[in-house]
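I opened my notebook to record, entry by entry, what I looked up in this structure.

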Amino acid sequence: MSKSQQSQEPLSDLEKSMNVIIDVFHQFSRREGDRDTLTKKELKLLIEKQLANYLKHVKNKATVEQIMKDLDVNKDAQLSFGETMLLVTRVTCATHEHLHEVEDQQHQHHHQHHH
């Protein structure tokens, strides 16, 4: 299949989400220093602006310093896209669990009304 045929395919929701994640990363990574990594300042901004609601679901309330240290696998004091994806993955998994907990509580609550 040639490239032009592939580009005719509309993007799926998941593919669109992937593009959004990449775009958001670049909105912050391009502010200072290396254009394709996040400094601690850029990470802090990204968390404040883009993860304000969902980061609450991550059980241990880590500081930006802790998050940075935790994600910075190669210890170069900046986060590559791959390293940043670890945070996205963790927060997404925690949110998924949280939604199930909420669902379970509502479900139980729902049953109590019938009796």
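A helix here is a DSSP run of H or I that holds at least four residues, and helices are numbered from the N terminus. I note at the outset that the model is a predicted one.

**Entry on I22.** I looked for I22 and found that this residue lies in helix α2, which spans residues 13–29. Its relative accessibility is 33%, and because buried means under 20% and exposed over 50%, I put I22 down as partly exposed. I then looked up M85, which is 63 residues away from I22 along the chain, and noted that the C-alpha atoms of I22 and M85 are separated by 9.6 Å.

**Entry on aromatic pairs.** How many aromatic pairs does the structure hold? I found 1, formed by F25 and F81 in an edge-to-face arrangement, with 5.1 Å from centre to centre and 80° between the planes. F25 belongs to helix α2 and F81 to helix α5 (residues 81–114), so the pair ties together parts that lie 56 residues apart in sequence. I also checked the accessibility of each partner: F25, at 2%, counts as buried, whereas F81, at 28%, counts as partly exposed.

**Entry on helix α3.** Which residues of α3, the helix of residues 40–50, are buried? I listed E42, L43, L46 and I47. Seen down the axis of α3, these buried residues fall within an arc of 135°, so I wrote that they line one face of the helix. On the face turned away from that buried side I found K41 and K49, which are exposed.

Technical notes:
Residues are numbered from 1 along each chain as its sequence is written. This is a predicted model: local features need pLDDT of at least 70, side-chain atom pairs count only at pLDDT 80 or more; totals for chains, interfaces and linings use all residues. Side-chain values use heavy atoms; hydrogens and water are left out. Buried means under 20% relative accessible area, exposed over 50%, partly exposed in between (1.4 Å probe, protein chains only). Helices (H or I, at least four residues) and strands (E, at least two) are DSSP runs, numbered from the N terminus. The arc is that of the directions from the helix axis to the C-beta atoms. Rings of Phe, Tyr and Trp (its six-membered ring) pair if their centres lie within 6.5 Å; planes under 30 degrees apart count as stacked, over 60 as edge-to-face and the rest as tilted.
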